[in-house]
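Trainee: Before we begin, may I ask you to show me the structure that we are to discuss?

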Amino acid sequence: MALLEIQGVTRRFGDFAAVDDVSLAVESGEFFTLLGPSGCGKTTLLRMIAGFDLPDAGRIVLDGRDLAASPPERRPVRTVFQSYALFPHMTVEGNVAFPLQMAGVPASGMAAKIAGALEDVRLTGFGKRMPHELSGGQRQRVALARALVTHPTVLLLDEPLAALDAKLREEMQIELINLQKEVGITFVYVTHDQTEALALSHRIAVMNRGRVEQLDEPSRIYGQPATRFVADFIGQCNLLSGPVLDCSGGVASLDVDGVGVIRAAAPAAVARGARGTVALRPEKIRIAASVPAGSPDNHVRGTVADLLYMGDVTVYKVGTERGARLEALLANSQSGRAQFFEVGDAVEMSWAVDAGHYLAE
Amino acid sequence: MRRRRIALWTAAIVAYAFLYLPLVIVVVYSFNDSRLNAEWVGFTLDWYRKLLENDEMIAAAGNSLLIALVASLVSTALGTMAGVAMHRYRLRLLPVLVLAPIAIPEILMGVALLIFFVLLNFTLGLVSVALAHIAFCIGFVAIVVRARLAGMDESLIEAARDCGATPWQAFVRVTLPLIMPGVAAGALMAFTLSIDDFVISFFTAGAGTVTLPLQIYSMIKIAVTPEVNAVSTLLMLLTLVLIVVAARISPSLLRTR
Amino acid sequence: MDAHRPVSWRKWAVGGPPLAYLVVFFAIPTLIMAAASFRSPGEFGGLAPLVGEDGSLDITLESYVRLVEGTVYLEVFVKSIAYALVTTLACLALAYPLAVLIAQSPRKYRDLMLLLVILPFWSNFLIRIYAWMIILGPNAALAKAINGVRAVFGAEPVSLLFSSFAVLVCLVYVHLPFMVLPLYANLEKHDRALLDAAQDLGANAWRRFWRITFPLSLPGVYAGAALVFIPALGIFAIPDILGGPNDTLIGNLIKQQFLETRDWPFGSVLSIVLTVAALALAGLAAWIGRRGSAEVARA
């Protein structure tokens, strides 16, 4: 049985369902992420697990015990808040000692536990400092130490890295992964940052409008998005939609408006005449002046409309002859890169039949 | 540009002079060796000495201090509760009753309480004045405390609960220490308001009880003597100390009124 | 914030005591006073018995009728409103440049400059009135100088003290901080870029003030006006101490009813009308202020 089970949980604010009949299960020792845009219900769900909010329907079961009747202080979960919520009138030690004091840990055993928790987050020697004397990253780690010192069953993290700058964020991501491995506590992590989710998680639940759109491992979320929303939300994606002309041997042909007939790997069950969508990542598209005749790949001609030089890569926005727009991405480090195109250049794009991912509509 | 700044500064200096000149004159004349508040004759501490020999004045000051002490203690407790309740819960009547005594003309509260006490056959005196002062100080304390709470990160209380604290423990260990500067500043403010109050005391004190402002009133109604200068100077000094201390505790206090 | 509804016992445990106190010592006295305004005065002050000897109930509009019957009381009301209005305008004229200057000063000086505005307000109310008794006294330099000049032209000496002039000066003095604070709070929020933009578009200093700064500061002006007007309307100590025989304002009238003639019903009527008038005029100012700022926002 899973450690934490969310069973048909719904939370309404007036007419608006912030969380709408969500069911999912988190395994013990897992790094589980709730990912979605702001307002998708991920934070509301997290707050219900912590006990700051109650579901209108459904159950939250932890270790086989329904949490409905337990106020926040009686749940074996701890939260790391987005603002860190360090008590400004207490030292670092005071903050970390607080949950121990509340749990009635005898004073004799307290010092060792505090020292251990601070060591876990590499803050040994900072115990006497006040929160306002610490940097953002250090505060973050105090918040982690405070949450972990009583060894909760589940640690909830609410966008904990959102307030840090990009470089520090990456460092903290690596630290979080290592810390989770070390302490072996189940993490439930909330974020709107898809790269963070992909980098950290064992499994991700992508949420939209109060529902879970897809629950999967990061590589499958990225490579095989289940819905248009997931494809669009996770990274950049060309969504090519149209009626299915033919489907045989695991390959479907779609007539895409503005692009023409393309072929894509598809499950056998796709019926002719149904509408389908192919999600095609920009980096899967090759750009060249022309594609050699007889190539089995999809190819379409167009003109470079815009380009964004990003340093490591260049993003091309290419208008097709029939008025559609595709986005392609070229790594600049590629050795022997054929050519660098300018706005207005005529180009031909091509991609393998199995490069895109077929979505039924 | 330059001319405009000079004009602004001139206007400001006039305004500041207008604000301070009267008070300075009172202080200066309290050391003046003349019965007339007309021109500087020489330095003396006689008026302060006379003040200390004036039993009525000493008694009035004692009454004022006693009332202010009781009124500030009780109104700080009640005002803090009101501030917390207004911040945390939806109570329709409480904000109205807390703010109304501040928003309406002071005299209304004075006469309403006069009628109330007399109809109840409640003897007017120290107790009735203190009860009245508490009623109008609650609002000032509540406003300062609520402002303090509004500036506090709500997730701190959630963090305390998350760490295993009951609502009461969270209040005692986290909320209360964080709003303490507001509570202390509110208490000092209540003390100052009470010790300075004239209008409400005037109606609720009755014939036999005299507070310091009431004593000053009757003195200046009869005759202006430099003794009033001396007591005024001392009272200003006390207020100044209280306000400076309050402002140090809670700098935002100065903008709440 | 607490998910574990119901919390109503906690709500009443915290809010209940101050609520109860204010109900007993503010709401009920105010309602009793409102009720008293519909009663007759007692023979020896206070109220007449509710049930008379002949068994009739003592409920009457007599005191309200008395207020509007003659012109005497209405004149006092008009005079009080006029005094309060003059006070408000004078405060505005004195406070505006000061508030502008504070708002434009470097941040580190602002708190001190504000503190200096507020400090006199915290000194005792009576002391501030008393100070003007000294300044305007017949032996003080000001009166001597004015009467000296008058003597040159053969005019009779005048008394500055116990006059409308004394009352007005002191009204302005006592209420000035109430005007500076909201004005400053408003002006401080103005975006300097607006003035730069106006200058860039060719507006001179005069036009920049009247077309940008002043319209944007109207909410502050109205807030300050309400804060000055309401207390100024109900004042009784200042005319009582500094005024002459013609300076009887509503506040003095109310004081008389309660402490001298002991006519509670009429005193209550005056208090109620005073409060309603003050709140209505302040509400009107707030309404105009909101409309004004909405217009500014639309423009």
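Mentor: The following exchange sets values against their definitions. This is a predicted model, in which local features need pLDDT of at least 70, side-chain atom pairs count only at pLDDT 80 or more, and totals for chains, interfaces and linings use all residues. Residues are numbered from 1 along each chain as its sequence is written, while chains are lettered from A and ligands numbered from 1 in the order in which they are written.

Trainee: Why is α4(A) called mostly covered?

Mentor: A residue is buried if 20 or more other C-beta atoms, placed from the backbone, lie within 10 Å of its own. In α4(A), 10 of its 13 residues are buried, so the helix is mostly covered. Among them are A:Arg139, A:Val142 and A:Leu148.

Trainee: What makes the reach of helix α4 of chain A close to the expected one?

Mentor: The expected span is 1.5 Å times one less than the number of residues. Helix α4 (residues 136–148) of chain A has 13 residues and reaches 18 Å from its first C-alpha to its last, so it is close to the 18 Å expected.

Trainee: How many residues of chain B are in contact with chain A?

Mentor: Two residues are in contact if their C-beta atoms, placed from the backbone, lie within 7 Å. By that criterion, 15 residues of chain B are in contact with 16 residues of chain A. On the side of chain B, α7(B) gives the most, with 6 residues.

Trainee: How do you know where the domains of chain A lie?

Mentor: Their bounds come from an automatic or database domain assignment. This assignment gives domain 1 (4–232) and domain 2 (236–360), and their C-alpha centres lie 39 Å apart.

Methods. Helices (H or I, at least four residues) and strands (E, at least two) are DSSP runs, numbered from the N terminus. A residue is buried if 20 or more other C-beta atoms lie within 10 Å of its own, exposed if 12 or fewer, and partly exposed in between; C-beta atoms are placed from the backbone.
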